[in-house]
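Subject: Structure handover

Hi,

Here is the structure I promised to pass on to you. Have a look at it first, and then read my notes below with the viewer open.

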Amino acid sequence: MKIEDKKKYVSNIIKILEKEYGDVEVALEFKKPYELLFATILSAQCTDERVNKVTSELFKKYRTLDDYANADISEFEKDIRSTGFFRNKAKNIIGSAKIILEKHGGKVPRTMEELLELPGVARKTANIVLSAAFGKYEGMAVDTHVIRISNLLKITKYEDPVKIERDLMKVVPRENWKNFSLLIQTLGRRVCKARRPEHAICPLNKICPSA
């Protein structure tokens, strides 16, 4: 499919999903930019629902960036244990808190380059923080739902998130960069499930090549 045809195809996908789901927001709950950053780090290989349960307690216990930077790592690991990969996540969150305090004056950085310097932060996390916390769109968040469904829709042929993001940025209008990922994630959670996609009730079943 040529790029121009793909652009029309993707615009149609967005239109259908917007009609189906309306305004969609990041499922992770947060009040401060650093809370979104830490919640997104915790969400790796974990459901947003589980992360929200953990952070509802975590954000009450650790109220400032200093609390995270000075946290006892063993205790912090216990606090986040149910999100999986808790040792790495604890090290990354505490390390990120220290860097934000020492290098950025206690403010979460607002550029892709600076966010990528934080431990445990790849482009997906950086894109979520930039768009949901600061309204900046430097790219598109590519999670497991976006990887799987972009392939099912034949928008990309890659499994690598960076290559998929590059493909999506060519065909998704910039003003839809945040929305596209969120719409696809919503579709993935509700209908196009990894183990058993519900083709019969999928809003895209008339245009999806994999339906």
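Let me start with lysine 154, which lies in the loop between H9 and H10. Please keep in mind throughout that this is a predicted model. Lysine 154 comes just after H9, and its phi is near 60°, a positive value in a residue other than glycine. Most residues other than glycine have a negative phi. Glutamine 45 is another one to look at, with a positive phi near 55°. This glutamine is found in the loop between H2 and H3. It counts as exposed because its relative accessible area is 67%, and the cut-off for exposed is over 50%.

Back to H9 itself. At the start of this helix, a side-chain oxygen of aspartate 143 reaches to within 3.2 Å of the backbone nitrogen of histidine 145. Histidine 145 is also one of the buried residues of H9, together with Val146, Ile147, Ile149, Ser150 and Asn151. What do the buried residues of H9 pack against? Their partners are H10 and H11.

Two loop residues around H10 are worth a click. Aspartate 160 is found between helix H9 (144-152) and helix H10 (161-171). A polar atom of the aspartate 160 side chain lies 3.1 Å from the backbone nitrogen of lysine 163. Aspartate 160 has a relative accessibility of 35%, so it counts as partly exposed. If you want a sense of scale, aspartate 160 and leucine 58 are 102 residues apart in sequence and 32 Å apart in space, C-alpha to C-alpha. The other loop residue is asparagine 176, placed between H10 and H11. Asparagine 176 is buried, because its relative accessible area is 12% and buried means under 20%. Leaving aside residues up to four places away in sequence, asparagine 176 touches Ile14 and Glu18.

Now to the inside of the protein. The largest nonpolar core has 37 residues, and those touching the most other members are Leu37, Phe38, Leu58, Tyr68, Phe76, Ile80 and Leu115. At least two residues of this core come from each of helix H2 (33-42), helix H3 (48-61), helix H4 (65-69), helix H5 (73-80), helix H6 (86-103), helix H7 (112-116) and helix H8 (123-134). H2 supplies the largest share, 7 residues. For a closer view, pick leucine 37: not counting residues up to four places away in sequence, its contacts are Ile100, Leu118, Val121, Thr125 and Val129. A second, separate core has 29 residues, including Val10, Tyr21, Leu168 and Trp177.

Next, the open spaces. The largest pocket holds about 1,000 Å³ of space. Its lining is made of 43 residues, and those nearest its centre are Ser43, Ala44, Cys46, Lys124 and Asp143. H2, H3, H6, H8, H9 and helix H11 (177-190) each give two or more residues to this lining, and the largest share, 7 residues, comes from H11. Sorted by class, the lining has 18 nonpolar, 16 polar and 9 charged residues. Asp143 may look familiar, since aspartate 143 is the residue whose side chain reaches the backbone of histidine 145 at the start of H9.

The second largest pocket has a volume of about 230 Å³. Around it you will find Glu29, Phe30, Lys31, Lys32, Glu35, Asn52, Thr55, Ser56, Phe59, Lys60 and Arg63. H3 gives the most to this lining, with 5 residues. By class, the lining of the second largest pocket divides into 2 nonpolar, 3 polar and 6 charged residues.

Finally, how many cavities of 30 Å³ or more are there? The count comes to 1, and the largest cavity has a volume of about 110 Å³. Of the 15 residues that line it, Leu152, Cys192, His199, Cys202 and Cys208 are the closest to its centre. The lining of this cavity is made up of 11 nonpolar residues, 3 polar and 1 charged.

Happy to go through any of this with you.

Best wishes

Note on methods
Residues numbered from 1 in each chain as written. Predicted model: local features only at pLDDT ≥ 70, side-chain atom pairs only at ≥ 80, totals over all residues. Heavy atoms only, no water. Helix = DSSP H or I, 4+ residues; strand = E, 2+ residues; numbered from the N terminus. Buried < 20%, exposed > 50% of the residue type's maximum accessible area, 1.4 Å probe, protein only. Polar contact = N/O pair within 3.5 Å; in protein donor to acceptor, adjacent residues only side chain to side chain. Core = buried A, V, L, I, M, F, W, Y, C linked by side-chain atoms within 4.5 Å. Contact = heavy atoms within 4.5 Å. 1 Å grid on protein atoms, 1.4 Å probe; cavity = no way out; pocket = protein on both sides within 12 Å on 5 of 7 lines; lining within 4 Å. Points joined across faces, edges and corners; volume = space filled by probe spheres on them. Nonpolar A, V, L, I, M, F, W, Y, C, P; charged D, E, K, R; others polar.
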